[in-house]
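This briefing introduces one structure to a reader who has not seen it before. It covers helix packing, the nonpolar cores and a few single residues.

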Amino acid sequence: MIIHPGAAFRARQWPPDRFAQVAAELAGQGHRVVVTGGVTEIALARHVAALAGLPEESVLAGRTNLPELAALTAHAALVVCGDTGMSHLATAVGTPSVILYGPVPPALWGPPPGRPHIALWAGRRGDPHGDRPSEGLLEIGVPEVLDAVRRLRGVGVR
């Protein structure tokens, strides 16, 4: 399973500690969890992995180019990410995903209907280029994300 905590703007970035809680729960259920990101997101990915208690080798941020990331995503069981390029990549390769939307509704840029994706959105619009997580994004809790994962996976995640 892939956890991708980064986003181009903080307004679309769910808090790292929440991504870490999701990662820890998934790893605790026996799933192999990796944390991805670009070269500018290495510190964030390491932080999430450390908070989740994941081993250093689970951090793939900055270690994959786009074709490698696409292949990794295509073979992943699931992706958990925000409204960022990774969500589009998961959609393109058909990997189930839980996508967290903040200031922009999924109706604008979300996955097309009929695909194995769950878009979570609190219904609050805001500035997608803001320098802190949008209020709506902060309304999405870890239990909601884990419930979405469970619905997509069908088993194993409480």
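Helix α1 passes helix α7 in a right-handed crossing. The model is a predicted one. The points below start from that helix pair, move to the cores and then take up the other helix pairs.

**Helices α1 and α7**

- The two helices α1 and α7 pack with their axes 10 Å apart, at an angle of about 40°.
- That angle makes α1 oblique to α7.
- On the α1 side, the contact is made by Arg18, Gln21, Val22, Glu25 and Leu26. On the α7 side, Val142, Val145, Leu146 and Val149 make the contact.
- By class, the residues of this contact of α1 with α7 divide into 6 nonpolar, 1 polar and 2 charged.
- An α-helix has 3.6 residues a turn, so residues three or four places apart point the same way.

**Valine 149 in α7**

- Helix α7 spans residues 142–153, and valine 149 is found in it.
- Is valine 149 buried or exposed? Valine 149 has 0% relative accessibility and therefore counts as buried; the cut-off for buried is under 20%.
- Between valine 149 and isoleucine 118 there are 8.4 Å in space, C-alpha to C-alpha, although the two are 31 residues apart in sequence.

**Nonpolar cores**

- The largest nonpolar core has 31 residues. Ile3, Trp14, Val22, Val80 and Val145 are those with the most contacts inside this core.
- Two or more residues of this core come from each of the elements α1 (16–28), α2 (42–52), β4 (97–101), β5 (117–121) and α7.
- A second core, separate from the largest one, has 12 residues, including Ile2, Leu60, Val79 and Met86.
- Which residues does valine 145 contact, leaving aside its neighbours within four places in sequence? Valine 145 is in contact with Trp14, Val22, Val80, Val98, Leu100, Leu120 and Ile140.
- Val22 and Val145 appear again here: both are listed among the residues with the most contacts inside the largest core, and both take part in the contact of α1 with α7.

**Helices α1 and α2**

- Helix α1 also packs with α2, at an angle of about 50° and with the axes 8 Å apart.
- The helices α1 and α2 are therefore oblique to each other, and their crossing is right-handed.
- From α1, the residues Pro16, Asp17, Phe19, Ala20, Ala23 and Ala24 meet Leu44, His47, Val48, Leu51 and Ala52 in α2.
- The contact of α1 with α2 has 9 nonpolar residues, 1 polar and 1 charged.

**Alanine 27 in α1**

- Alanine 27 has its place in helix α1.
- With 28% relative accessibility, alanine 27 counts as partly exposed.
- Not counting residues up to four places away in sequence, alanine 27 touches Val33 and Leu54.
- Tryptophan 109 lies 29 Å from alanine 27 in space, C-alpha to C-alpha, and 82 residues from it in sequence.

**Helices α3 and α4**

- Helix α3 covers residues 66–75 and helix α4 covers residues 85–93; their axes come within 9 Å and cross at roughly 60°.
- This crossing angle makes α3 oblique to α4.
- The crossing of α3 and α4 is right-handed.
- Leu69, Ala70, Thr73 and Ala74 of α3 make the contact with Met86, Leu89, Ala90 and Val93 of α4.
- In that contact of α3 with α4, 7 residues are nonpolar, 1 is polar and none is charged.

**Threonine 73 in α3**

- Threonine 73 sits in helix α3, and at 0% relative accessibility threonine 73 counts as buried.
- Threonine 73 touches Ile2, Val79, Met86, Leu89, Ala90, Val93 and Thr95, again not counting residues up to four places away in sequence.
- Ile2, Val79 and Met86, which threonine 73 touches, are among the residues of the second core.

**Buried residues of α4 and the turn after it**

- The residues Met86, Ser87, Leu89, Ala90 and Thr91 are buried in α4.
- What do the buried residues of α4 pack against? The buried residues of α4 pack against β1 (2–4), α3, β3 (79–82), β4 and β5.
- Glycine 94, just after α4, takes a positive phi of about 80°.

Key:
Residues are numbered from 1 along each chain as its sequence is written. This is a predicted model: local features need pLDDT of at least 70, side-chain atom pairs count only at pLDDT 80 or more; totals for chains, interfaces and linings use all residues. Side-chain values use heavy atoms; hydrogens and water are left out. Helices (H or I, at least four residues) and strands (E, at least two) are DSSP runs, numbered from the N terminus. Buried means under 20% relative accessible area, exposed over 50%, partly exposed in between (1.4 Å probe, protein chains only). A nonpolar core is a set of buried Ala, Val, Leu, Ile, Met, Phe, Trp, Tyr and Cys residues joined through side-chain atoms within 4.5 Å. Contact means heavy atoms within 4.5 Å. Axes are lines fitted to C-alpha atoms, for helices over the stretch in contact, and angles run from 0 to 180 degrees between N-to-C directions. Angles under 35 degrees count as roughly parallel, over 145 as roughly antiparallel, 65 to 115 as roughly perpendicular and the rest as oblique. A crossing is left-handed if the near helix is turned anticlockwise from the far one by less than a right angle, and right-handed if clockwise. Ala, Val, Leu, Ile, Met, Phe, Trp, Tyr, Cys and Pro count as nonpolar, Asp, Glu, Lys and Arg as charged, and the others, Gly among them, as polar.
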